[in-house]
Amino acid sequence: MEESIYGNHRGEMENVMNIILGSIDELREDMIKEFGSDPVEHCLSRIKDEDSMREKCRRQNLPETTESALEQIHDAIGIRVVCAFISDVYSVRDHLRTLDKVEVIEEKDYIKQAKPNGYRSLHMILRYDNKYYVEIQLRTISMDTWAALEHHMRYKKKVSKSDALISAELKRCADELASTDMSMQTIRDLIRSESIDE
């Protein structure tokens, strides 16, 4: 049997993933107490499977070693946090920045500056305990819906004749969902500012 590309680190990687997920759960509990609503719709987490990691090493012309998987490639541990509202995305981002033993290596805000195809999300690369990299994706329900549908329709499919039209339509849908996100945020803010505890 082939040795794991993660060597003997897998258990520790799962522990790091669970520490970060646990800290997000603590934030959720605090915000439910303060605001009466959960900022997170759901979380997904994974350790990249062996075949995917080896294939990524090959794609990047890296040797298929533990050093490549843990130090050169930064998404061996992945967490996606899907939030209800845009402000919740930034609340979770701000929380992650303050965690003990966590250093923010990179942050790309595709919410404020969407990709040309309309993709929106906030990406972070964290390094935990100066050792393990964690890729975090933070997005709203609308952004997650668009990304899932876009992936479902376009993954490993080549379209030539209608590609420009398809791309334009996908971007239009992304922009409409982004506008809805802004409207829902405004409505939520109004409700919070005017609500009276019963």
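Start by selecting strand 3 and strand 4 (residues 122–128) in this predicted model. The two strands run antiparallel and are joined by seven bridges. To see one of these pairings, pick D109, whose bridge partner in strand 4 is L122.

Next, widen the selection to the sheet. It is an open sheet of five strands with mixed pairing, and the order across it is 1-2-5-4-3. At its edges lie strand 1 (40–47) and strand 3 (102–109), each pairing on one side only. Look across the strands for the twist, which averages 15° from one strand to the next.

Now add helix 1, residues 10–35, which packs on the sheet. The strands that helix 1 touches are strand 1, strand 2 (77–83), strand 4 and strand 5 (132–140). Compare the direction of helix 1 with that of strand 1: the angle between them is about 170°.

The last stop is an empty space. Rolling a probe the size of a water molecule over the atoms shows where such space is left. The structure holds one cavity of 30 Å³ or more, and the largest cavity has a volume of about 70 Å³. To display its lining, select G118, Y119, R120, S142, M143, W146, A174, L177, A178 and D181.

Then colour helix 5 (141–154) and helix 6 (163–194), the elements that give two or more residues to this lining. Which of the helices gives the largest share of the lining? Helix 6 does, with four residues. Colouring the lining by residue type shows six nonpolar, two polar and two charged residues.

Methods:
Residues numbered from 1 in each chain as written. Predicted model: local features only at pLDDT ≥ 70, side-chain atom pairs only at ≥ 80, totals over all residues. Heavy atoms only, no water. Pairing = 2+ DSSP bridges. Axes fitted to C-alpha atoms, helices over the stretch in contact; angles between N-to-C directions. Contact = heavy atoms within 4.5 Å. 1 Å grid on protein atoms, 1.4 Å probe; cavity = no way out; pocket = protein on both sides within 12 Å on 5 of 7 lines; lining within 4 Å. Points joined across faces, edges and corners; volume = space filled by probe spheres on them. Nonpolar A, V, L, I, M, F, W, Y, C, P; charged D, E, K, R; others polar.
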